2 protein chains.
Amino acid sequence: MKTLRIAMAQINSTVGDFAGNRDRIIDCIGRAKKAGADIVAFPELTVTGYPPEDLLLKPQFVKDNLRTLREILTATGGITAVVGFVDKDDVLYNAAAVLHNGRHIATYHKILLPNYGVFDEYRYFRPGRRYPLLTLRGVKIGVNICEDIWFSEGPTRSQALAGAEVIINLNASPYHKGKGRERLTMLSERAKQNNVIISYTNAVGGQDELVFDGQSMVIDGKGKLIASGNRFEEDLLIADIKVPDRKPVVHKAADQHFEAIDQVVISAKAGPKKKPLPARKAVMALPLCEEVYRALVLGTRDYMQKNGFRTAVIGLSGGIDSSLVAAVAVAALGKENVVGVFMPSQYSSNESRDDACELARNAGITVLEIPIVQTFDAYLNTLRCEFSRTRQDVTEENLQARIRGNLLMALSNKFGWLVLTTGNKSEMSVGYATLYGDMAGGFAVIKDVPKTLVYDVCRCINKLAGKAIIPKRVMTKAPTAELRPNQKDSDSLPVYSVLDPILKAYVEDNKEFREILKMGFDRNTVKRVIHLVDTSEYKRRQAPPGVKITPRGLGKDRRFPITNRYKSY
Amino acid sequence: MKTLRIAMAQINSTVGDFAGNRDRIIDCIGRAKKAGADIVAFPELTVTGYPPEDLLLKPQFVKDNLRTLREILTATGGITAVVGFVDKDDVLYNAAAVLHNGRHIATYHKILLPNYGVFDEYRYFRPGRRYPLLTLRGVKIGVNICEDIWFSEGPTRSQALAGAEVIINLNASPYHKGKGRERLTMLSERAKQNNVIISYTNAVGGQDELVFDGQSMVIDGKGKLIASGNRFEEDLLIADIKVPDRKPVVHKAADQHFEAIDQVVISAKAGPKKKPLPARKAVMALPLCEEVYRALVLGTRDYMQKNGFRTAVIGLSGGIDSSLVAAVAVAALGKENVVGVFMPSQYSSNESRDDACELARNAGITVLEIPIVQTFDAYLNTLRCEFSRTRQDVTEENLQARIRGNLLMALSNKFGWLVLTTGNKSEMSVGYATLYGDMAGGFAVIKDVPKTLVYDVCRCINKLAGKAIIPKRVMTKAPTAELRPNQKDSDSLPVYSVLDPILKAYVEDNKEFREILKMGFDRNTVKRVIHLVDTSEYKRRQAPPGVKITPRGLGKDRRFPITNRYKSY
C-alpha cells in the first residue's frame with residue numbers, strides 16, 4: 001500500500017488577469033505545502049482563465065501566459081504542482097504543466113477538444129499526441145484535461161493501460177442544472193472501468209455566461225466518492241489516498257491517442273507515513289432549485305466584480321422576475337449595493353407598487369419611484385403627425401418599455417451602476433420582451449431560467465431565508481407586463497406550464513415537430529411557439545449575456561442564423 | 001484532346017428555404033441542359049443555404065435537406081449535376097452529390113473543415129475519408145469543396161495524383177475586401193501545381209453578416225483564367241474546356257487524406273463536338289471601393305428581403321456615415337423604399353439640417369423631421385430629483401441618442417420598417433456609439449467599414465453616379481456627434497487617419513503593443529485606443545449584425561470575452 005496526499009486547488013481565475021491568477025496559484029501552492037501535500041492540482045487553463053476565447057489569437061497573450069507560468073515555477077520548491085496553461089510550438093495546446101522543485105518537468109496536451117455547445121476548442125488548439133507518466137512516492141500518475149476523461153475509450157483508458165494508478169484530471173467544467181450528478185456518475189464509471197483513483201479539480205467562478213461550480217472530487221478505484229470540495233466557492237480540497245499494490249503493468253505500445261509515453265520519475269519509492277488530515281465535513285448534495293440559485297448568485301457577483309461594478313440597478317415591476325433578480329443581486333452584492341426602481345405608467349396598478357415596495361422592504365434595498373407618464377406623453381406628442389391615422393398597437397407598449405430602459409441606463413451612466421435585466425428564458429425564447437426596453441442592460445441574470453423554474457427558485461429563496469423575501473402575492477398573481485389596460489401574459493402566450501415543456505423540447509432538445517405533438521400538446525399551440533422562437537432570433541442576438549443554467553442556454557451554445565426561412569411545421 | 005462543357009450555377013440560396021433553393025437549382029439544371037452543358041456545378045451546401053449553423057443540429061432539418069436532394073434528382077435526365085448538401089450516417093458531412101440521369105451516383109465529403117474566422121465546421125461535420133473519381137466524356141473529374149482547394153498538400157493534389165484532369169470545386173466563400181484576387185492567385189497556383197483544370201463555383205448573396213460575391217471561375221492547367229462569372233449577382237457561367245490528352249495515370253495508393261477512391265464512369269469516350277458557345281464579355285476587376293460598395297448593397301438587400309422587409313428607415317444626421325447608409329439603402333431597395341429621419345436637438349446646426357436634406361434630395365428619398373427637444377426635457381424633468389447635485393456628463397448625451405433610437409424603433413414598430421444603423425467600424429471598435437441609441441436597429445450596414453474607407457466609398461458612389469449623391473460639404477466638414485455644443489469627434493478620439501491604422505493593427509492583425517508602437521504612433525494614443533477597444537466589448541456584443549467587409553469583422557470572426565482583465569500595454 002502506497003499513499004499520496006493530493007491537494008485540489010479549486011480557484012477562481014479571471015480571464016486575462018495574469019498577475020491575479022499567479023498570486024492565487026502561488027498562495028494555494030503554499031497552503032498545500034503547509035498541509036503536507038505531495039502534489040497540488042489546479043483547474044484547466046488556470047493561468048489564463050477559461051475560456052480566453054480570441055485572446056488566444058494574440059501572440060502577446062500567449063507569451064504573457066508562458067511568462068506567468070515561469071513565475072509560478074519559483075514557488076514549487078518541495079512540492080509538485082499541475083497547472084493548466086497554454087502551450088505553444090507551431091500551434092497552441094490546451095496544456096497541463098507538471099512543475100516540481102522549481103523545474104518544469106513535464107507537459108501534457110489535451111487530446112479530446114470539445115467543439116460543441118459553448119466550446120470552440122478546435123478554433124484555437126490542436127490535440128495532443130504524447131503524455132507523461134509520472135512516478136511520485138512510487139505511485140504512477142497520469143495527467144489529463146477535462147473532456148479527456150468523459151469518454152471510456154479516451155486517454156484515461158490509455159494511461160491506465162500504461163500503468164497509471166492515479167489520474168489527475170484538470171477541469172473548467174461549466175455548470176448546468178444537474179451537472180454535478182452527471183460528473184459523479186461518469187467519474188465513478190471511469191474509475192471502476194480502469195481501476196484507477198481519480199482526482200478531479202474543477203474551476204470555480206463566473207465568466208460572462210458561464211459559471212464554474214467547483215465541487216472537486218476524489219473517486220477511489222471502486223468508483224466511490226471519497227472526498228469533495230465546496231460548491232460555488234473557492235476551496236482547497238486535500239485528501240490522502242491509498243494506492244493498493246498491484247502487479248507492475250507492462251507498457252502497451254502507443255495506441256490511437258498517443259504517439260509516445262514519457263516516463264518522469266519524481267520519487268520511485270513510497271514515502272513515509274504522514275499524520276492524518278483533520279476531518280472535514282462531507283458536502284451534501286443541493287436541491288436543484290438551490291443549486292440554480294447559487295449559480296445565479298455566483299454568476300452575477302463575478303460578472304459585476306470582475307468587470308469593476310459595485311452597484312446594480314433593477315427595474316422593479318412588482319412581478320416575480322424582477323423580484324427574483326433583486327433577491328439574487330442582494331445575495332451577490334449585499335443589500336447596500338442594489339437599487340430598485342419602480343417606474344409606473346397609467347397602466348400600473350397600486351398592487352404592483354405595493355408588491356415592488358414590499359419586495360424592496362423584505363430584501364432591504366432602496367427603491368426609487370420614477371414615473372414614465374410625462375415622457376411617454378412627450379414621445380406621443382412628438383410622433384403625433386407621423387402616427388395620425390394609425391391605431392394604438394405594440395408600438396406604444398414598446399415605447400413604455402423603452403422609456404424604462406432609458407431611465408435605468410441614465411441612472412447607470414450617471415452613477416456607474418450596472419443595469420440587471422429581468423427577462424426569463426420563456427420570454428427570451430419566444431421574444432416576449434422589448435429590445436432596448438426591458439432587454440436593455442449589462443447582465444441578464446435569469447435569461448436561462450424558464451418561468452416555471454423562476455417560481456421554484458423563489459420558493460427556495462423564501463425557504464432558505466425562513467421568511468418571505470419574495471412577497472406571497474407576487475408568487476400567486478397572474479403575470480402581466482402592464483403595458484395596456486388589464487393585460488395578462490396569457491393573452492399573448494400559452495400558460496407557462498404548457499409553454500415551458502414545449503420550449504424545452506424545441507429549444508433544448510431539438511425535438512422534431514411531430515415528436516412534440518406526440519407529447520400531447522395542441523397542434524396550433526406548438527406551431528405558434530415554434531414560429532415565435534424562430535422569428536425572434538434577432539432579439540436574442542442583441543441581448544446582454546446571462547448565467548447559463550440549462551444544458552442549452554440562449555447564448556454561445558445556441559447559434560442560429562437570423563436570416564432563416566426554415567419551417568419545421 | 002477531349003472537351004467538356006461545364007456550367008457553374010452561381011445561385012443565391014436562402015438558409016432553410018428548401019423549396020426555394022430546390023426551384024432555383026432545378027431551373028439552373030434546365031438552363032444548363034438547354035445550353036448543352038455536360039455537367040453543372042452548384043455552390044457548397046446549396047440545398048440548405050450557407051451557413052445553416054445550429055439548424056444542422058435539428059434532425060428534421062437534415063432529413064428535409066435529404067428529401068430536397070431527392071426532389072432535385074428528377075431534373076437530372078441527360079445531364080450530370082454536382083450539388084452541395086448535408087450528408088448523414090452516424091455523423092454529418094458537408095457533402096457534394098453527383099446526380100446523373102435521375103440517379104445519385106456518387107458523394108464526396110469535404111475533407112478540410114475550416115474552424116477559424118467566421119467558420120465553425122467542426123461543430124457540425126466530420127471530415128471525409130474517401131472520394132469518387134468521375135469519368136465523363138472520357139475526362140477524369142475530381143470533386144471537392146471550398147477549403148479543400150486552399151492547401152497545396154490537400155485533396156486537389158491527391159485527386160490529381162489519382163488521375164483527375166478537372167477539379168470541380170464547390171464554394172460558399174465569404175467576401176472580404178480583396179478576396180477575389182486572393183482566390184485567383186490561389187486557384188492559379190493550384191492548377192499549375194497539379195496540371196489540372198479547375199472549375200470554381202461560388203455562392204452569391206447575403207446571409208446575416210456574410211456576403212458571397214460569386215465570381216465563379218475556370219482556370220486552365222497552366223493557371224490561366226479562361227472564364228469568370230458576374231460579381232455580386234446570380235449567374236450561370238458556361239465554359240467549354242479542352243482537356244489535353246495525357247498518359248494514363250496509375251492510381252496511387254490511399255494517401256493521408258483518403259481511405260478509398262471510388263471509380264464512377266458516366267461515359268468513358270470523348271463525346272462529339274459541340275457548336276461553340278456565344279461569346280461572353282469578360283468581367284473586369286472592380287476598384288476596391290466599388291467592390292465594397294456592391295458588397296454593402298447586396299448584403300443590405302438580402303438581409304432585408306430574406307427577412308421580409310421592404311422599407312428601411314435611417315436616422316440622418318447630416319454626417320457622412322448616415323449619408324453613406326442612405327445611399328447604400330437606395331441602391332439596395334429603391335428610393336421609394338427608404339425613409340430618412342432628421343431628429344434635431346438644441347445642439348443641431350442648421351448646416352446639419354441642410355446637409356441631411358440635400359442628401360435626401362440627391363438620393364430621392366423622403367425625409368421626416370422629428371425634433372427630440374420636448375422628449376429630452378421630459379426625461380430631464382423626470383430625473384430632476386435623482387440628478388440633483390450631479391453635473392451634466394455623457395448621460396445627457398446618451399439620452400439624446402437613445403431618444404432618437406426610440407423614435408426610429410417606434411416608426412419601425414408602427415410601419416414595419418427596418419431600422420438601419422449608421423455606425424462605422426472605427427466607432428464600433430472604440431465604443432464611440434450609444435447602446436440602445438445610435439446602435440439601435442436591425443442591420444448595421446457599415447459596422448465593418450473603417451471611417452477612412454467610408455470616405456473612399458462615398459467618393460466612389462459620387463463618381464459612379466456622375467454627380468454628388470453624398471453632398472460635397474458632408475465629405476469635407478469635421479465629423480461630429482452634435483450631442484453637446486461645438487462637439488467634434490476629434491475631441492474624444494485621435495483623428496481617423498491615425499485611429500484607423502492603429503485599429504487595423506490591433507483588431508484585424510492582432511499585432512503586439514510593441515509592434516504597433518514601432519509603426520510610429522504615439523505611445524499614449526496607442527494605449528488609449530487599445531483600452532477603448534478592450535473595454536467596449538459589451539457594446540459590440542449587443543450590436544446588430546452588419547456586412548463583413550474586412551478580413552476580421554466585429555461579428556463571428558472576433559470572439560472576445562467581455563469579462564477580460566488582460567492589458568497588453
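Across the interface of chain B and chain A, the rule finds twelve salt bridges. A salt bridge here is a side-chain nitrogen of Lys or Arg within 4 Å of a carboxyl oxygen of Asp or Glu. One pair to look at is A:D17 and B:R565, whose side chains meet in a salt bridge at 3.2 Å, N to O.

Before going on, some ground rules. This is a predicted model, where local features need pLDDT of at least 70 and side-chain atom pairs count only at pLDDT 80 or more, while totals for chains, interfaces and linings use all residues. Residues are numbered from 1 along each chain as its sequence is written, chains are lettered from A in the order in which they are written, and side-chain values use heavy atoms, with hydrogens and water left out.

**Where the two chains meet**

Back to the interface. Here, 88 residues of chain B are in contact with 88 residues of chain A, contact meaning heavy atoms within 4.5 Å. The size of an interface is often given as the accessible area lost when the parts come together. For chain B and chain A the buried area is about 7,800 Å², with 51% of it on carbon and sulfur atoms; that is the accessible area (1.4 Å probe) the two parts lose on being put together, summed over both.

The rule also finds 57 residue pairs in polar contact across this interface, both residues at pLDDT 80 or more. A polar contact is a pair of N or O atoms within 3.5 Å; within protein, one must be able to donate a hydrogen and the other to accept it, and residues adjacent in sequence count only if both atoms are side-chain atoms.

Which element gives the largest share of the side of chain B that touches chain A? That's helix 10 of chain B, with 14 residues. By class, this side of chain B has 38 nonpolar, 24 polar and 26 charged residues. In this sorting, Ala, Val, Leu, Ile, Met, Phe, Trp, Tyr, Cys and Pro count as nonpolar, Asp, Glu, Lys and Arg as charged, and the others, Gly among them, as polar. As for the elements themselves, helices (H or I, at least four residues) and strands (E, at least two) are DSSP runs, numbered from the N terminus.

**Two helices of chain A**

Helix 2 of chain A (residues 59-73) has 15 residues and reaches 22 Å from its first C-alpha to its last, close to the expected 21 Å. The expected span is 1.5 Å times one less than the number of residues. Its buried residues include A:F61, A:D64, A:L69 and A:L73, where buried means under 20% relative accessible area, exposed over 50% and partly exposed in between (1.4 Å probe, protein chains only). What covers the buried residues of helix 2 includes helix 1 (18-34) of chain A together with helix 16 of chain B. A:D64 turns up again in a network of salt bridges, linked with A:R22, A:D23, A:R67 and A:E71.

Helix 4 of chain A (residues 179-194) has 16 residues and reaches 22 Å, close to the 22 Å expected. Among its buried residues are A:M186, A:L187 and A:A191. The buried residues of helix 4 pack against helix 3 (155-161), strand 9 (197-202), strand 11 (210-213) and strand 12 (217-219) of chain A. Just after this helix, A:N195 takes a positive phi of about 50°.

**Salt bridges within chain B**

Over all chains, the count comes to 84 salt bridges. Here are three of them from chain B.

| Pair | Closest N to O |
|---|---|
| B:D262 and B:R130 | 2.6 Å |
| B:D355 and B:R473 | 2.8 Å |
| B:K425 and B:E508 | 3.1 Å |

Is B:D355 buried or exposed? At 1% relative accessibility, B:D355 counts as buried, whereas its partner B:R473 is partly exposed at 34%. In the third pair, B:K425 is buried at 4%, and B:E508 is buried at 13%.

**Backbone details**

A cis peptide bond joins A:Y50 and A:P51, with omega about -10°. A:P51 lies in the loop between strand 2 (39-41) and helix 2 of chain A. In chain B, a cis peptide bond joins B:Y50 and B:P51, again with omega about -10°.

Phi of A:N101 is near 50°, a positive value in a residue other than glycine. A:N101 is partly exposed, with a relative accessible area of 46%. For B:C146, phi is near 45°, and B:C146 is buried at 7% relative accessible area.
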